[in-house]
Amino acid sequence: MPSSLQLQRIYSTTTTNTDYNYQKKSNNVCIIPPPQGLPEHIKHHHTHMISSKQSSSAVVQTISAPISTVWSIIRNFENPQIYKHFIKSCHVIHGDGTVGSLREVHVISGLPAVSSIERLDILDEECHVISFSVVGGDHRLNNYRSVTTLHTTENGDGTVVVESYVVDVPEGNTKEETCGFANTIVTCNLHSLAKIAENLTNK
């Protein structure tokens, strides 16, 4: 089963537009529904409430590796650079890798960022859910919140990874530009994750 990737890009607006697949809640807040076809027990993790000054998107990656292998890679809050190659270094500055821990991440040169401080919000070993929020640092992705879930493929021999996020739109940028940049990073990370997990499986 080859790896595959799907991209669901959603931009928040303040006017009703079914093309963007969101549910309007008020003039300034809307609810972003999860990608289609997700198991019921993880849908709520990818349902986001965002303001008119935020954007949200989701990337879906299918990996030809068992869920235990994929989870062993992404659950490591202390060492995200295993598969996130835009990260130069990472140090836990508070906690022991459990929920509430903080890590300081430094990124490679060439990106519009230097570092970020990230808090581990969810680490669900049973349901295979990990979530973090960016709470500080030198970067342009303010109030970035990411949730990643794993579930098995329909035939049971692979893993579906879903990563969704919410982020503020920086001053001077459009929603499309913000999502385009963030989606590029997430997509590259999930491609790398797939390659590493599949190589481990095929050893």
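**Figure 1. Arg 103 and the ring of Phe 132.** In this predicted model, the charged end of Arg 103 is placed over the ring of Phe 132, at 5.0 Å from the centre of that ring. Phe 132 belongs to strand S9, and Phe 132 is also one of the members of an aromatic cluster, together with Tyr 144 and Tyr 165. Arg 103 appears again in Figure 3, where Arg 103 is listed among the residues that Val 92 touches.

**Figure 2. The aromatic cluster of Phe 132, Tyr 144 and Tyr 165.** A pair of aromatic rings is described by how far apart the centres lie and by the angle of the planes. The count of aromatic pairs in this model comes to two. In one of them, Phe 132 and Tyr 144 are tilted with respect to each other, with 6.1 Å from centre to centre and 35° between the planes. Because Phe 132 lies in strand S9 and Tyr 144 in the loop between S9 and S10, this pair ties together parts of the chain that are 12 residues apart in sequence. Phe 132 and Tyr 144 are both buried. Tyr 144 also forms a stacked pair with Tyr 165, with a distance of 5.4 Å from centre to centre and an angle of 20° between the planes. This pair links distant parts of the chain, since Tyr 144 is in the loop between S9 and S10 whereas Tyr 165 is in strand S11, 21 residues apart. Tyr 165 is buried, as is Tyr 144, and the three residues Phe 132, Tyr 144 and Tyr 165 form one aromatic cluster.

**Figure 3. The surroundings of Val 92 in strand S6.** Val 92 is located in strand S6, which covers residues 87–94. With a relative accessible area of 30%, Val 92 is partly exposed, because that class lies between the limit of under 20% for buried residues and that of over 50% for exposed ones. When residues up to four places away in sequence are not counted, Val 92 touches Glu 78, Leu 102 and Arg 103. The C-alpha atom of Val 92 is separated by 9.0 Å from that of Asn 79, a residue 13 residues apart from Val 92 along the chain.

**Figure 4. Helix H2 and what covers it.** Helix H2, made up of residues 67–74, is mostly covered, with six of its eight residues buried. These buried residues are Ile 67, Thr 69, Val 70, Trp 71, Ile 73 and Ile 74. The elements that cover them include strand S5 (54–63), strand S8 (115–124), strand S9 (129–138), strand S10 (145–152) and strand S11 (159–168), and helix H3 (175–201) is also included.

**Figure 5. His 128 between strands S8 and S9.** His 128 is found in the loop between S8 and S9. His 128 counts as buried because its relative accessibility of 18% falls under the limit of 20%. Leaving aside residues up to four places away in sequence, His 128 touches Ile 67 and Trp 71, and also Thr 148, Thr 149 and Leu 150. Ile 67 and Trp 71 are among the buried residues of H2, the helix shown in Figure 4.

**Figure 6. The largest pocket.** The largest pocket holds about 560 Å³ of space, and 29 residues line it, of which Val 107, Ala 113, Leu 141, Phe 181 and Ile 185 lie nearest its centre. Strand S7 (102–107), S8, S9 and H3 are the elements that give two or more residues to this lining. H3 gives the most, with seven residues. Sorted by class, the lining of the largest pocket comprises 17 nonpolar, six polar and six charged residues.

**Figure 7. The second largest pocket.** The volume of the second largest pocket is about 200 Å³, and its lining is made by 12 residues, with Gly 37, Leu 38, Val 60, His 151 and Val 160 lying nearest its centre. S5 and S10 are the elements that give two or more residues to the lining of this pocket. By class, this lining has four nonpolar, seven polar and one charged residues.

How values were computed. Residues are numbered from 1 along each chain as its sequence is written. This is a predicted model: local features need pLDDT of at least 70, side-chain atom pairs count only at pLDDT 80 or more; totals for chains, interfaces and linings use all residues. Side-chain values use heavy atoms; hydrogens and water are left out. Buried means under 20% relative accessible area, exposed over 50%, partly exposed in between (1.4 Å probe, protein chains only). Contact means heavy atoms within 4.5 Å. Rings of Phe, Tyr and Trp (its six-membered ring) pair if their centres lie within 6.5 Å; planes under 30 degrees apart count as stacked, over 60 as edge-to-face and the rest as tilted. A charge sits over a ring if NZ of Lys or CZ of Arg is within 6 Å of the ring centre and within 35 degrees of the ring normal. On a 1 Å grid over the protein atoms alone, a cavity is a set of points where a 1.4 Å probe fits but cannot get out, and a pocket is an open set with protein on both sides within 12 Å along at least five of seven lines; lining residues have an atom within 4 Å of a point. Grid points are joined across faces, edges and corners, and a volume is the space filled by probe spheres set on the points. Ala, Val, Leu, Ile, Met, Phe, Trp, Tyr, Cys and Pro count as nonpolar, Asp, Glu, Lys and Arg as charged, and the others, Gly among them, as polar.
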